[in-house]
Amino acid sequence: MATRGQKVKLGIFLLISVLLLVGVLGVLVGVNVFQERDNYLVRFEQSISGLDVGAPVKLRGVRVGIVEGIRVRPENVEQVEVRVSLKDNTPIKADTVAHVNMLGITGLKYVELSGGTQGAERLPEGGIIQAGESTFEAITGRANAISLKAEKVLNNLLAITDDENQGHIESIIAQTDETLKVTRGSM
């Protein structure tokens, strides 16, 4: 049978072991339990496919937080609401814009905060950061514009080379040949 002293020592040992385990897990996961965080919302109107909870949030390339939550807004199903948690006192200005970008070629996405001028007012904690067009959306939009222009060019080429116009083109070439022969003959 264990004495009272042995039970106290065992209790202290277990308490210290649990505290060490929690501390080690906190360091390994990178979670600073005691750090205060500022929460903001971003409302995107385009697809944010590939952005997951826990994704990094960067301000001008510096990691300042993580994505805490993602949901489709019940009040407006055309918007996706992303809740971001940033390090305390991260300087988020009223003119800061949020974009969804890709981490290299992995396909993983993160939130990039940009803009924010020195003279702008600070956005209060809990405020809404304006959503901007992501790099992928901009490239997709330009690709669509280019494809529409290419389609117009192809349609014009098809119109020029249809049977009726081919006859006109052949007639112009024949007349040009006749004119050149006459011009060469008079020299």
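## Questions on a predicted model

Strands β1 and β7 (residues 128-131) run parallel and are joined by two bridges. The model is a predicted one.

Reader: In β7, which residue is the bridge partner of L41?
Author: Start with the strands. β1 covers 37-44, and β7 covers residues 128-131. Within β7, L41 has as its bridge partner I128.

Reader: Which strand pairs with β7 over two bridges, besides β1, and in what sense?
Author: Take one contact point: A98 has A131 as its bridge partner in β7. β5 spans 96-102. The pairing runs over two bridges, its sense is parallel, and the strand is β5.

Reader: What pattern does the protein chain follow along the sequence?
Author: Count the elements before ordering them. The chain has three helices and seven strands. Read along the sequence, the order is α-β-β-β-β-β-β-β-α-α.

Reader: What is the radius of gyration of the protein chain, set against a compact globule of 187 residues?
Author: Look at the extents too. The C-alpha trace spans about 130 × 45 × 40 Å along its principal axes. A compact globule of 187 residues would come near 16 Å, but this chain has 33 Å.

Reader: What share of the residues counts as buried?
Author: The cut-off for buried is under 20% relative accessible area. The chain exposes about 13,500 Å², with 61% of that from carbon and sulfur atoms. Of its 187 residues, the buried share is 24%.

Reader: Among contacts between residues at least 6 apart in sequence, what percentage joins residues at least 24 apart?
Author: One pair at such a range is R43 and E81, 38 residues apart. Over the protein chain, the share of these contacts that join residues at least 24 apart is 62%.

Reader: Which strand gives the most to the largest nonpolar core?
Author: This core has 21 residues, and those with the most contacts inside it include V82 and L86. β1, β2, β3, β4, β5 and β6 each supply at least two of its residues. The top contributor gives four residues, and that strand is β4.

Reader: Which residue of β7 does L113 touch?
Author: L113 is among the core residues with the most contacts inside the core. Leaving out residues up to four places away in sequence, its contacts include V57, L86, I92 and A98. β7 holds residues 128-131. The contact of L113 that falls there is I129.

Reader: How many salt bridges does a search of the whole structure find?
Author: Side chains of opposite charge can pair when their charged atoms come close. One pair is R43 with E81, at 2.9 Å between the closest N and O atoms. Another is E75 with R73, at 3.3 Å. The whole-structure search gives four.

Reader: Which strands does the bridge between R43 and E81 link?
Author: The two partners sit differently toward solvent. R43 counts as partly exposed because its relative accessibility is 25%. E81 counts as buried because its value is 8%. The pair links distant parts of the chain, strands β1 and β4.

Reader: Which residues belong to the salt-bridge network around R73?
Author: R73 meets E81 at 3.7 Å, N to O. R73 also pairs with E75. Bridges that share partners make one network, and its members are R43, R71, R73, E75 and E81.

Reader: In the bridge between E75 and R73, is E75 buried or exposed?
Author: The cut-offs are under 20% for buried and over 50% for exposed. R73 has 13%, so R73 is buried. E75 has 56%, so E75 counts as exposed.

Reader: Where does R60 lie?
Author: Most residues other than glycine have a negative phi. R60 is not a glycine, yet its phi is positive, about 55 degrees. With a relative accessible area of 57%, R60 is exposed. Its place is the loop between β2 and β3.

Reader: What is the phi of N89?
Author: N89 is found in the loop between β4 and β5. Its relative accessible area is 55%, so N89 is exposed. N89 is a residue other than glycine with a positive phi, near 70 degrees.

Definitions and conventions: Residues are numbered from 1 along each chain as its sequence is written. This is a predicted model: local features need pLDDT of at least 70, side-chain atom pairs count only at pLDDT 80 or more; totals for chains, interfaces and linings use all residues. Side-chain values use heavy atoms; hydrogens and water are left out. A nonpolar core is a set of buried Ala, Val, Leu, Ile, Met, Phe, Trp, Tyr and Cys residues joined through side-chain atoms within 4.5 Å. Buried means under 20% relative accessible area, exposed over 50%, partly exposed in between (1.4 Å probe, protein chains only). Contact means heavy atoms within 4.5 Å. A salt bridge is a side-chain nitrogen of Lys or Arg within 4 Å of a carboxyl oxygen of Asp or Glu. Two strands pair if DSSP finds at least two bridges between them. The radius of gyration is taken over C-alpha atoms; the globule rule is 2.2 Å times the number of residues to the power 0.38. Accessible areas come from the Shrake-Rupley method with a 1.4 Å probe; for residues, only the protein chains shown count as cover.
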